[in-house]
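Hi everyone, thanks for coming. Have a look at the structure on the screen, and I'll walk you through it.

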Amino acid sequence: MTVKKVPSGLAAAGAKLWRSVVDVYELDEHESVVLLEAARTVDQLDLLQAAVTADGVVVDGPQGSKAHPALVEARQQRITLARLLSALRLPDEESGKKPQLRQGPRGPYALGSVGA
């Protein structure tokens with residue numbers, strides 16, 4: 001069972017995400033770990049956005065102007081956040097149904113499909 005107290009080290013956005021989930025759902029220990037990583041990722045995204053806001057979306061480098069490196073990292077962090085949140089499989093508030101569980105590869109890559 002999840003402790004509802006916000007873990008130490010989370011900034012405002014991460015703490016908000018943590019509370020929004022644990023106030024509604026009861027999580028097992030492994031789900032709490034995933035939620036904590038999602039909350040940390042949200043905080044990292046805020047820091048990356050602050051860097052882009054301060055420096056601008058384009059920075060000058062030895063080879064000329066390029067996209068701010070924080071933009072590239074933010075894109076990766078957004079992908080990570082989406083995967084962490086989907087791993088939680090939180091039920092839809094209206095229907096109570098959980099998202100479909102994906103169980104490995106489909107199609108020609110599924111086990112046992114060779115030569116079938």
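Let me start with a word I'll use a lot: a residue is buried when its relative accessible area is under 20%, exposed when over 50%, and partly exposed in between, using a 1.4 Å probe and protein chains only. By that scale Val57, at 47% relative accessibility, counts as partly exposed.

Now, where this comes from. This is a predicted model, in which local features need pLDDT of at least 70 and side-chain atom pairs count only at pLDDT 80 or more, while totals for chains, interfaces and linings use all residues. Residues are numbered from 1 along each chain as its sequence is written, and side-chain values use heavy atoms, with hydrogens and water left out.

On to the overall picture. The protein has 3 helices and 2 strands, and from the N terminus the order is α-α-β-β-α. Helices and strands here are DSSP runs, numbered from the N terminus: H or I with at least four residues for a helix, E with at least two for a strand. Of the protein's 116 residues, 26% count as buried. If we call it a contact when heavy atoms are within 4.5 Å, then among contacts with a separation of 6 or more, 50% come from residues 24 or more positions apart.

Let's go to the first helix. Which residues of H1, residues 12–22, are buried? They are Gly14, Ala15, Leu17, Trp18, Val21 and Val22. Looking down the axis of H1, these buried residues fall within an arc of 160°, so they line one face of the helix. That arc is taken from the directions from the helix axis to the C-beta atoms. On the face turned away from the buried side, H1 carries the exposed residues Ala12 and Lys16. The cover over the buried residues of H1 includes H2 and helix H3 (69–88).

H3 tells a similar kind of story. Its 20 residues reach 29 Å from first C-alpha to last, close to the 28 Å expected at 1.5 Å a residue; the expected span is 1.5 Å times one less than the number of residues. Buried in H3 are Ala70, Ala74, Gln77, Leu81, Leu84 and Leu88. Seen down the axis of H3, they fall within an arc of 85°, so they line one face of the helix. H2 is among what covers them. Just after H3 comes Arg89, with a positive phi near 50°.

Also in H3 is Ser86, partly exposed at 49% relative accessibility. Its C-alpha lies 9.9 Å from that of Val34, although the two are 52 residues apart along the chain.

Now for charges. A salt bridge here is a side-chain nitrogen of Lys or Arg within 4 Å of a carboxyl oxygen of Asp or Glu, and the count comes to 1. Arg40 and Glu37 make that salt bridge through their side chains, at 2.6 Å from N to O. Both sit in helix H2, 3 residues apart, about one turn of the helix. An α-helix has 3.6 residues a turn, so residues three or four places apart point the same way. Arg40 is partly exposed at 37% relative accessibility, and Glu37 is partly exposed too, at 33%.

Finally, back to Val57. Val57 sits in the loop between helix H2 (29–55) and strand S1 (58–61). That's my tour, and I'm happy to take questions.
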